[in-house]
Amino acid sequence: MKPVEIKKDIYWVGVVDWDLRYFHGPSYTTHRGTTYNSYLILDDQVTLVDTVYAPFAGELLERIKKVVDPARIENIVVNHIETDHSGALPEVMKAAPGARIYCTAKAREGLIKHYGGAEWDYRVVKTGQELSTGRRTLSFIEAPMLHWPDSMFTYIREEALLLPNDAFGQHLATSGRFDDQVDNFILMEEAAKYYANILYPLSGLVAKKLKEVEGLNIPIEMIAPSHGVIWRTDPGQIIEAYRRWSGGEWKEKALVVYDTMWGSTETMARYITEGLSAGGVETRLYKLSASDHSDIYKELLETRLLVVGSSTIHRQFISTLSPFLDGLIGLKPLNRLGAAFGAYGWSRGAVKGIEERLAAAGIQLAQESLEILWVPDGKERERCFQWGLALAGLVKEAKA
Ligand code: FEO
């Protein structure tokens, strides 16, 4: 792929990783791959903003060479040190040994710990500091914990161009570099999955940063993140989505997530789902052993109610629930309601364990749990339906 000029004399020189299927270890499935975006500014001082994941260092340098000799790079802005963006830095520094590195104090510490590189020429910056590259002015905005302590945004004033690194990104490998070159449903689905799996627990900070940037009164014509496509046609779309997601807004939707030993809890799940649907709440049913946790977290981003069920085995829930519920505790979704159900035989325990995990995730229990001994008979199936119907009423009531 050739370098792509995104604004006059500003080039995308990143890489497309078509094959990536997991991110952050196994916790986040990236069905559609990703990109690592790096931006090259041709000016009196040639400047590179962020690099790429180390295995793609050669490809990055080849792409830079199509625009300019890498030895001419005078400034490298490191918005974030995570290895998917800084991994190629040692190779770039070999090609441009005189380059100055602009980054936060935390980023400097982290780069030295990751790569050695104590001898590199660091220029530590804070919010409000600027770098003139000639015809352009780069302003830095610290963004700690979005999503690491070292993170920052770079804003190019003359172009009204925001380079926010991970924020507003998507794990989406495509041949097009811009939002208008991909299907909008897929784009927003991947942006939501990205937010849910990476930024969800930091929503308070995201909301605060959005307000801070809004308060700067800077025009934003284009947002070029470090993953996925560049928002050039409608950057307001992703800013508005981040406002909703970070504010914990929700729709009248429910998720029923369960696992089952011999089918009794599955029968309960289906009748509960019918009750919720009959009550006018859009509901999706997920069997955990056949589902992807990171996809379910994405669904939860705009869903009010999470209903979790399991059979009891060894006085506990089925082990497939553990990684899902542990992940949920880390993500701490805002403003969600929850409820637990399950079938049991010689001992109870699953429902209590689920309720404890939901509470630890900050999810408010909406109504008393539902447990059925052995196999649900006709009356008990009706009870499951009514239990779901009552939950639907609570979702509707909360919206009213
Ligand atoms: Fe895309 Fe926090 O790295």
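Start with the contacts across the whole chain: among those between residues at least 6 apart in sequence, 72% join residues at least 24 apart, with contact meaning heavy atoms within 4.5 Å. This is a predicted model, where local features need pLDDT of at least 70 and side-chain atom pairs count only at pLDDT 80 or more, while totals for chains, interfaces and linings use all residues. Residues are numbered from 1 along each chain as its sequence is written, and side-chain values use heavy atoms, with hydrogens and water left out.

Now switch to cartoon view. You'll find twelve helices and 24 strands in the protein chain; these are DSSP runs, numbered from the N terminus (helices: H or I, at least four residues; strands: E, at least two). The C-alpha trace spans about 80 × 40 × 35 Å along its principal axes. Of the 400 residues, 57% count as buried, that is, under 20% relative accessible area with a 1.4 Å probe, protein chains only (exposed is over 50%, partly exposed in between).

**Stop one: helix 1**

Select residues 57-65, which make up helix 1. Which of its residues are buried? They are A57, L60, L61, R63 and I64. Look down the helix axis: these buried residues fall within an arc of 160°, so they line one face of the helix. The arc is taken from the directions from the helix axis to the C-beta atoms. Next, show what they pack against: strand 2 (10-12), strand 3 (15-17), strand 7 (39-41), strand 8 (46-49), strand 9 (73-77) and helix 3 (89-95).

**Stop two: V68**

Move along to V68, in the loop between helix 1 and strand 9. V68 counts as buried, at 6% relative accessibility. Leaving aside neighbours within four places in sequence, what does V68 contact? Its partners are L40, L42 and V46. Try a distance label from V68 to L42: their C-alpha atoms are separated by 8.2 Å, though the two residues sit 26 apart along the chain.

**Stop three: the aromatics**

Colour Phe, Tyr and Trp. Their rings (the six-membered one for Trp) pair if the centres lie within 6.5 Å; planes under 30 degrees apart count as stacked, over 60 as edge-to-face and the rest as tilted. The count comes to twelve aromatic pairs. Zoom in on Y102 and F140: the ring centres are 6.1 Å apart and the planes at 15°, so the pair is stacked. The pair links distant parts of the chain, with Y102 in strand 10 (residues 100-103) and F140 in strand 13 (residues 137-142), 38 residues apart. Y102 is buried at 9% relative accessibility, and F140 is buried at 1%.

Finally, select F168, Y195, Y200, Y242 and W245, which form one aromatic cluster.
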